[in-house]
Amino acid sequence: MSAITAQAVADMLARVRQARPRVHCLMNSVVQKFTADGITVIGGLPSMTGSLEEVESFVGRADALTVNLGTLDAERREAIRLGVAVARAQGKPWIVDPVHCDYSPSRLAFARELIALQPTVVRGNRAEMALIGETPGILRIVTGPVDLLQLGKTSVEIGNGHPFMAQVTGTGCLSGGVIAAFLAVEPDALAAASAALTVTGVAAERAAPHARGPGTFSAAFLDALAAVGDTDILSLARIRHDHPEHD
Ligand SMILES: Nc1ncnc2c1ncn2[C@@H]1O[C@H](COP(=O)(O)OP(=O)(O)O)[C@@H](O)[C@H]1O
Ligand SMILES: Cc1ncsc1CCOP(=O)(O)O
Ligand SMILES: [Mg+2]
């Protein structure tokens, strides 16, 4: 990967807005609306069904798939297996968010079953990713105050974001949907995910001064994701490459 610059992030966002990628989300039941809104305002077209009769068709028509384990039951596991099989057969990018795998051994086992199928990306918070461990050949993302992205020996840190993000349920899940939208237009997964997290972090920084607390931040964040542009990205992006060959 060549260095991911602020200009490259802005250009990639423009490509997302122009291409309007379809992102199918096998999303938990808690943050379906917030995640769909996040994908929409960034320029993508979300779809959310988890119905066993429909998942194969929807993933077949999508440009990328996001798989989120936040609320799991037997039917949802089956829908995820079906959706992942289509994404793999058609070579579509897909991302796994192993939400709360640190709470439940059976969820952790399911996350590991999916990771063995080589998703493009695995993203979680620090507690979740500590249990997931290394993911050889798969882009590994640990979000938090600073987001760490690792693929092989290459790593990138994104310093953008705002503490309000940790006070709104679903910002991590939404970031998975936005990453999927960027994966749909950019085959370099590390560049795509770095750009997606820079855009969400910059939007959060633009939103925070307009918020009175987490509730108004949530709305201001969606407004800012819709409005974020080149000037914001070029002035606020904080992207660090940890390997000299990528500086
Ligand atoms: N203290 C913080 N400061 C800035 N950004 C944060 C902070 N905490 C979380 N974020 C951002 O919020 C989003 C969700 O991250 P995180 O809270 O780690 O995931 P999850 O919601 O899955 O627990 C990421 O985009 C991350 O960069
Ligand atoms: C609270 C909760 N419970 C099941 S899914 C979910 C949402 C998790 O969202 P995020 O990890 O993005 O904050
Ligand atoms: Mg999460």
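**Exercise 1. Placing D63**

Task: Determine where D63 has its place, how exposed D63 is, and which residues D63 is in contact with beyond its neighbours in sequence.

Solution: The place of D63 is the loop that lies between helix 3 (55-61) and strand 3 (64-68). Since this is a predicted model, the following values describe computed coordinates. Counting C-beta atoms comes next: 19 others lie within 10 Å of D63, and a residue needs 20 or more to be called buried, whereas 12 or fewer would make it exposed. D63 is therefore partly exposed. Once the neighbours within four places in sequence are set aside, the contacts of D63 are P21, R22, V23, K92 and A184. As a reference over a longer range, the C-alpha atoms of D63 and S235, which are 172 residues apart along the chain, are separated by 30 Å.

**Exercise 2. From strand 1 into the sheet**

Task: R22 and V23, both in contact with D63, belong to strand 1 (residues 22-26); work out how strand 1 is covered and how strand 1 pairs with strand 2.

Solution: Begin with burial, where five of the five residues of strand 1 are buried, so that the strand is mostly covered. In a regular strand the side chains alternate between the two faces of the sheet. Sorting the residues by side gives R22, H24 and L26 on one and V23 and C25 on the other, and these are all buried, with both faces covered. For the pairing, strand 1 and strand 2 run in the parallel sense and are joined over three bridges. Within this pair, R22 has L45 as its bridge partner, while H24 stands opposite S47.

**Exercise 3. Order and edges of the sheet**

Task: Give the order of the strands in the sheet and explain why strand 2 and strand 9 each have one side without a neighbour.

Solution: The sheet is open and consists of nine strands in the order 2-1-3-4-5-6-7-8-9, with mixed pairing. Strand 2 (45-47) and strand 9 (239-241) stand at the edges and have a single partner strand each, so one side of each is left without a neighbour in the sheet. Neighbouring strands are turned by 20 degrees against each other on average, direction ignored.

Towards the strand 9 edge, strand 7 (residues 147-151) and strand 8 (residues 154-158) run antiparallel and are joined by five bridges, with Q150 opposite S155. Two residues lie between these strands in their hairpin, where G152 takes a positive phi near 60 degrees. Strand 8 in turn pairs with strand 9 in the antiparallel sense over three bridges, and E157 has R240 as its bridge partner there.

**Exercise 4. The shells of the two ligands**

Task: Describe the residues that surround ligand 1 and ligand 2, and state how they divide by class.

Solution: Ligand 1 is surrounded by 16 residues, of which N125, T143, G161, M165 and G172 are the closest. By class, this shell has five nonpolar, 10 polar and one charged residues. Helix 7 (171-185) and helix 8 (189-207) each supply at least two residues to the shell of ligand 1.

Around ligand 2 stand N28, V30, V31, G70, T71, V99, T169, G170, T171, G172 and C173, which divide into four nonpolar, seven polar and no charged residues. Comparing the lists, G172 is found in both shells.

**Exercise 5. Helices 7, 8 and 9**

Task: Decide whether helix 7 is enclosed or open, what A196 in helix 8 is in contact with, and what covers the buried residues of helix 9.

Solution: All 15 of the 15 residues of helix 7 are buried, so helix 7 is largely enclosed by the rest of the structure. Its end C-alpha atoms are 22 Å apart, which agrees with the 21 Å that its 15 residues should span at 1.5 Å a residue.

A196, which lies in helix 8, counts as buried because it has 31 C-beta neighbours inside 10 Å. Leaving aside neighbours within four places in sequence, A196 is in contact with S175, V178, I179 and F182.

Helix 9 (residues 214-227) has 14 residues and reaches 19 Å between its first and last C-alpha, close to the expected 20 Å. Its buried residues are F217, S218, A220, F221, A224 and L225, and what covers them includes helix 2 (32-42) and helix 8.

Terms used: Residues numbered from 1 in each chain as written. Chains lettered and ligands numbered in written order. Predicted model: local features only at pLDDT ≥ 70, side-chain atom pairs only at ≥ 80, totals over all residues. Pairing = 2+ DSSP bridges. Helix = DSSP H or I, 4+ residues; strand = E, 2+ residues; numbered from the N terminus. Axes fitted to C-alpha atoms, helices over the stretch in contact; angles between N-to-C directions. Near = placed C-beta within 6 Å. Nonpolar A, V, L, I, M, F, W, Y, C, P; charged D, E, K, R; others polar. Contact = placed C-beta atoms within 7 Å. Expected span 1.5 Å × (residues − 1).
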